[in-house]
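Visitor: I should like to learn how to read a structure of this kind. May we go through it feature by feature?

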Amino acid sequence: MADFEPKIVGFLCNWCTYAGADLAGTSRMQYPSTIRPIRVMCSGSVDSAYILRALLEGADGVLIGGCHPGDCHYVSGNYKARRRVTVLKTILKTLGLDDERVWVRWISASEGKRYADTISEMTAHLKKIGPSPARKLWSL
Amino acid sequence: MDENNKKIGAVMVVGGGIGGIQASLDLAESGFKVYLVEKNLSIGGVMAQLDKTFPTNDCSMCILSPKLVECARHRNIELLTRCEVESIEGSAGNFKIKVKKHPRFVDVSKCTGCGDCAEVCPVEVPDEYEENLANRKAIYRPFPQATPGAFGIDKSGACCECMQCEKACKAEAILHNMLEQDIELNVGSVIVFPGFDEFEPKLREEYGYGLFSNVVTSIEFERILSASGPFQGHVVRCSDKKTPKKIAWIQCVGSRDSKIERGYCSSVCCMYATKQALITKEHSPDIRTTIFYIDMRAYGKEFDRYIERAKLEYKVRYIRSRISEVKEDAKTHNLKIKYEREDGELVTEEFDMLVLSVGLDVSRSAKDLAEKLNINLNSYGFARVDSLEPLKTSRPGIFAGGVFSGPKDIPETVTSASGACALASALLSSVRGTLVAEKKYPAEKDVSGDIPRIGVFVCQCGINIGGVVNVPLVVEYAKTLPFVVYAEDNLYTCSQDTQDTIKEAIAQHSLNRVVVASCTPRTHEPLFQETIREAGLNRHLFEMANIRDQNSWVHMKQPREATEKAKDLVRMAVAKVSLKEPLGRISLKLTSRGLVIGGGLAGMVSALRLAEEGYEVYLVEKEDTLGGQAKDIYYTLKGEDVQKFLSKLIEKVTSNNKIHIFTAATIEKIEGFVGNFKTTIKLNSSLKELEHGAVIVASGANEYQPTEYLFGKDKRVVTQRKLEELIATKKLNVSNQSSIVMIQCIGSRCDENPYCSRVCCSEAIKNALALKKMNKQVNVYILYRDVRTYGFKEDWYQKAREQGVLFIRYEEDDKPEVKLNKDKLEVLVKDLILEEKLLISADLVVLSTATVPSEDNKELSQLLKVPLNEDGFFMEAHAKLRPVDFATDGIFVCGLAHSPKFIEESICQANACAARACTILSRDELEVEGIVAEVNELKCKGCRLCKEICPYGAIDVELKKVLGKEKEVARVNPALCKGCGACSASCRSGSIDLKGFSDSEILTQIGALV
């Protein structure tokens, strides 16, 4: 499993986590090139279907990045995201998918380091648990 | 009113550096016609020469370039390059100005910037943009992003008039016989930003500049670092073009040196030297970097953290020592530097390259300009300004800022530019909008039903992207993607000439969608959207791939992976843009009223300025009285009476009928968005709702309450503020024997508050000088870590030393001790020069306490949905170029809420906020982005879930006939919808979508990825 490079789909909210990811860049913090960020306006707009699609298409992990509790640019979108993912995780197991593959993290615009650390941590974790079984299912 | 007193709704901005650019943009956006006068061929100033900017390491050109483009295309700005002011007549409100336009010998309206002329030009001369490290032709464009982009001919001895260029120019733009022109302009106000020139290092001959080839100035080094510079961004030395192993920086070359009439501190060199050392390490980690300095002046927001990073992460070596001698090894051209080590031993060390951190001289044109404008200069030749009116020159109606009124960094320059605009705008508020033009766009092409034809533009960003990612490979890859009919790479996609290239490509290849792969959409999306709109495409037929901030910058050591990631990101962007549909913009009414949170000095200044600019203001203060922290400050370093100023200001604010003051009021709720905020305040236990279009946060900060050094236990231990009060109210007597010990950095630059509180060094010196004035014999000791008297404050530091104030440095890990010996106060401090403990008996111990963020910041930031930085101060949208804006439109920040600062700096920021708010409040209506939710009525079941979930009450359910059948469907009110997408994510039937971020668009992105 040593040469396995996980693929992470990131749904990053425009106001906090996407800005935090940019800050990691301006600060030149280095982290694994495993994430493919998708900018969304709010973590609360991340439909469960997006997460499922990403996993079924073979992503090894999905990161939903939002503002810290209380800081959501849209009042409460991050709470909605949290609730939605909690529910989704219970379903994931029934699909034979590991719920550890979906992470929700609150990363603010000033937390470039937290963003970089999160990607490193998540990459290490996914390496440990191995490729998504969905990858295998689809490679006919 | 007679003709001469009639006010004119136009402003002249003199100087096209970043300050002049910001001033022009703010004024042009607030309803004034602007003439931007620049003596060179292009606007951009020194910032255009810089490689990166501290403390964010942003690429200087990348953040400047969009501003250049905006200036060039703004309907209310007229660029007058190669122009100089000749004379001025008239008075505030109505000036007549003669401007001399030097011939450029190229017709700007015809020149396409193709460069064919320079190709054939046989004359090569040293290139001043490259600091003479490379050559240019006699016909030239100063730099690729120059604005205007037209070439010009240097006839000051360079051009040989061979006429080759004229033959080569197919646009017939070259006019060798162009003559000088006199232009007369009528304006209401003048804003002066002539900027600076770097210090001429030959004046400090002991460093061997000009004699030793490997001694360069810091500005030359900026060019060496730059990807577009003379060595393509390779750090090499001049003598043999080899990568040096050891580079040293010498600080204070042309600063803090009264022998050469530059007694002031240039304020920026400590930080830029650190930046250069850090960027050098990024280029070549094996180069060892050393900075020789006197005091490390990291006094600004996030500066100390930057220095720590340089020390710990990048292993930059800092040596506190003045360098008196540099010698060159004639064979190797290495440089031998003699310096005194911390332990006092003299050592000689060899370096392969030496960078002189040259100071800021006032622009060499400033003296002449000041004479022509009839404004006063100070003894150093900078504009003379008052600390309490930092933006006003000695002549009414003429405002100044930037380095012209004292050394400043970029954000302070930008702030003073906006601030100067507020004063001009207040002066001319009655004629706002009288001389402006409407912007006209070509009709939008109807692309509905057309097969996508996508153009992809991949930015090299100098070497920021191109140095890591294989850009040509990404371009080739992009060409293979579905619907992509055109792809190219650009050195800087954001430059003015690339905007033209994009427009041409749209026309030539009939593109109906565009992808730019470059930096972050958070800063650059509006620029490109404007470009495609000017080419007749809807702004939303556009997508960006962030291959710099979230790719090349964070995977610097993994070029292969970064290239793969760039391909993925481009593929995702192409997939998304192919599904994009045009979105309309919505015009909304707005409330032309401001809300200022905080009735301290900053809040009052911004409220007053907004009122003078013609807008009503709500001023909300939580305390019973106005005044804030300034109530405890009695005089400035220069001796101006703060209390007098404050009471006058309070009087002006309270007597202005446009300002509605609410004291003892708290903010309960803030709803709405730019142009249409609704804020609920609590006043005497009743609630009141205020409607306004902009918010200025001026909520202040607090003084750190010390627990150390017997404070609160012995009443002879006081804070610096208390001392000031004792002095000002004449409650303190000092005798010849009195001994007063001041201790600096109490609660600053420590683990708890790792930042510098900026004002404490100068405040201590201010009070030390006041004590010396009371009694020349009094003993005053200042125990410090670094003396951070930046700018002209350095003069007072020198004065304090001359008057016998004793400065004793201590180290962070060996702090002074304050003890009680029986009833006597004693201070024990290690003298680092004598290497032994000094025992000082003290009659008074004065603690220079930190400025700490207000405990209310957290709550206020949540109410406003704007971020705080790690230290707990409010975090602006961009540290360099948007210093008083928040990322959220319509909200601004000034004063201590932003970070610790002096009164004059708070006043600058407060004015800047008023100017920035005015760019919104002065509009008739507000165009908002079409990113709102949309209901597919065919699918909608009218279940009301979205209505429940919408945090803004923007969704209603109504009875409607759909396909001839009456049913209940959701309806989105676009004026209330903020585009968060919560409804779309929750909809059970998939019938509500966020435009621009629709389910299909995002699912396509995911599909394209895996």
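Visitor: In which helix of chain B does L610(B) lie?

Guide: Please note at the outset that this is a predicted model. L610(B) belongs to helix 15 of chain B, which runs over residues 601–612.

Visitor: Is L610(B) buried or exposed?

Guide: A residue counts as buried when its relative accessible area is under 20%. For L610(B) the value is 1%, so this residue is buried.

Visitor: Which residues does L610(B) touch, beyond those up to four places away in sequence?

Guide: The partners are G594(B), Y615(B), V617(B), I696(B), A914(B), A917(B) and L921(B). One may also compare separation in sequence with distance in space: L610(B) and R593(B) are 17 residues apart along the chain, and their C-alpha atoms are 8.8 Å apart.

Visitor: How should one read a residue in a strand, and where does S739(B) lie?

Guide: The same steps apply. S739(B) lies in strand 39 of chain B, residues 739–746. Its relative accessibility is 7%, and therefore S739(B) counts as buried. Leaving aside residues up to four places away in sequence, S739(B) touches N779(B) and Y781(B), together with I840(B), S841(B), A842(B), D843(B) and L844(B).

Visitor: What span does helix 9 of chain B reach from its first C-alpha to its last?

Guide: A helix can be judged by setting its span beside the one expected at 1.5 Å a residue. Helix 9 of chain B, residues 410–427, has 18 residues and reaches 26 Å, close to the expected 26 Å. This helix is mostly covered, since 17 of its 18 residues are buried. At its start, a side-chain oxygen of D409(B) comes to within 3.1 Å of the backbone nitrogen of E412(B).

Visitor: In what order do the strands of the open sheet of 3 strands in chain B stand?

Guide: To read a sheet, one follows which strand pairs with which. Here the order is 6-7-12, and the pairing is antiparallel. Strand 6 (83–91) and strand 12 (181–187) of chain B are at the edges with a single partner strand each, so one side of each has no neighbour in the sheet. Direction ignored, neighbouring strands of this sheet are turned against each other by 20 degrees on average.

Visitor: Over how many bridges do strand 6 and strand 7 of chain B pair?

Guide: The two strands pair over 8 bridges in the antiparallel sense, with strand 7 covering residues 94–101. Within strand 7 of chain B, I97(B) is the residue that stands opposite I88(B).

Visitor: How many helices and strands does chain B have?

Guide: Chain B has 24 helices and 52 strands. Its radius of gyration is 30 Å, close to the 30 Å given by the globule rule for 1010 residues, so chain B is as compact as a globular protein of that length. The C-alpha atoms fill a box of roughly 95 × 80 × 70 Å along the principal axes. Of the 1010 residues of chain B, 63% count as buried.

Visitor: What pattern does chain A follow along the sequence?

Guide: The pattern of chain A is β-α-β-α-β-α-β-α-α, made up of 5 helices and 4 strands. The radius of gyration is 14 Å, close to the 14 Å that the globule rule gives for 140 residues, so chain A is as compact as a globular protein of that length. Buried residues make up 63% of chain A. Among contacts in chain A between residues at least 6 apart in sequence, 82% join residues at least 24 apart.

Conventions. Residues numbered from 1 in each chain as written. Chains lettered and ligands numbered in written order. Heavy atoms only, no water. Expected span 1.5 Å × (residues − 1). Buried < 20%, exposed > 50% of the residue type's maximum accessible area, 1.4 Å probe, protein only. Polar contact = N/O pair within 3.5 Å; in protein donor to acceptor, adjacent residues only side chain to side chain. Pairing = 2+ DSSP bridges. Axes fitted to C-alpha atoms, helices over the stretch in contact; angles between N-to-C directions. Rg over C-alpha atoms; globule rule 2.2 N^0.38 Å. Contact = heavy atoms within 4.5 Å.
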